[in-house]
Amino acid sequence: MSSKVTELRLQASCFQWHWNKFPEERGRLFMIHNNPRNKIDGNRLKAAGMVAGVADLEYVRLGSPPLFIEMKRPGEKQSDKQIAWEKVALSTGARYVVCCSLEQFKQIITEAQN
């Protein structure tokens, strides 16, 4: 992937790979909507349960704790809110990973399935 790839485009590539590769798992990997369009939208979403820092994707695995996946472009780091939410997720027994490429995503999913 090019260095000009946006985080959203990376996330879409990963989601589409999973959707096509594992049709029997459709619905178990999903986006967590946490990027409001503006302040008004942000206030509405917060009132409805949006929490700052929550991971971009959740992968629900049979018989296992959920896996939260934070998408980042190569070289980018988590925000302080994302790091704080990672600690919340891990404290519940969930798994949390930061993913920077389609290749890394494929490895994450393959490991989670085993």
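## Exercises on a four-stranded sheet

Strand S3 is covered on both of its faces, with Leu67, Ile69 and Met71 buried on one side and Phe68 and Glu70 buried on the other. Here buried means under 20% relative accessible area, exposed means over 50%, and partly exposed lies in between, with a 1.4 Å probe and protein chains only. Helices (H or I, at least four residues) and strands (E, at least two) are DSSP runs, numbered from the N terminus.

The model is predicted, so local features need pLDDT of at least 70 and side-chain atom pairs count only at pLDDT 80 or more, whereas totals for chains, interfaces and linings use all residues. Residues are numbered from 1 along each chain as its sequence is written, and side-chain values use heavy atoms, with hydrogens and water left out.

**Exercise 1. Explain why S3 is described as largely enclosed by the rest of the structure.**

Begin with the general rule that side chains in a regular strand alternate between the two faces of the sheet. Next, look at the two groups: Leu67, Ile69 and Met71 are buried on one side, and Phe68 and Glu70 are buried on the other. Finally, take the count: 5 of the 5 residues of S3 are buried, and therefore the strand is largely enclosed by the rest of the structure.

**Exercise 2. Work out the order of the strands in the sheet, and find which strands lie at its edges.**

The sheet is open and consists of 4 strands in the order S1-S2-S3-S4, with mixed pairing; two strands pair if DSSP finds at least two bridges between them. At the edges are strand S1 (29–31) and strand S4 (95–99), each of which pairs on one side only. On average, and with direction ignored, neighbouring strands are turned by 25° against each other, where axes are lines fitted to C-alpha atoms, for helices over the stretch in contact, and angles run from 0 to 180 degrees between N-to-C directions.

**Exercise 3. Describe how S3 is joined to S2 and to S4, and trace the path of the chain from S3 to S4.**

On one side, S2 and S3 pair in the antiparallel sense over 3 bridges, and Leu57 has Ile69 in S3 as its bridge partner. The path from S3 to S4 goes through helix H3 (residues 80–91), and this β-α-β crossover is right-handed: with the strands pointing away from the viewer, the path from the first strand over the helix to the second runs clockwise. S3 (residues 67–71) and S4 run parallel and are joined by 5 bridges, and within this pairing Leu67 stands opposite Arg95 in S4.

Two helices can now be added to the picture. Helix H1 (residues 7–21) packs on the sheet, touching S1, strand S2 (57–59), S3 and S4, and its direction makes about 140° with that of S3; contact means heavy atoms within 4.5 Å. Helix H4 (residues 102–113) also packs on the sheet and touches S1, S2, S3 and S4, while its direction makes about 160° with that of S4.

**Exercise 4. Decide whether Gln11 and Asp56 are buried or exposed, and list what they touch.**

Gln11 lies in helix H1 and is buried, with a relative accessible area of 7%. Not counting residues up to four places away in sequence, Gln11 touches Met31, Asp56, Leu57 and Met71.

Asp56, found in the loop between helix H2 (39–47) and S2, is buried with a relative accessible area of 5%. With the same exclusion of residues up to four places away in sequence, the contacts of Asp56 include Gln11, Phe30, Ile69, Glu70 and Met71. The C-alpha atoms of Asp56 and Met71 are separated by 6.3 Å, although the two residues are 15 residues apart along the chain.
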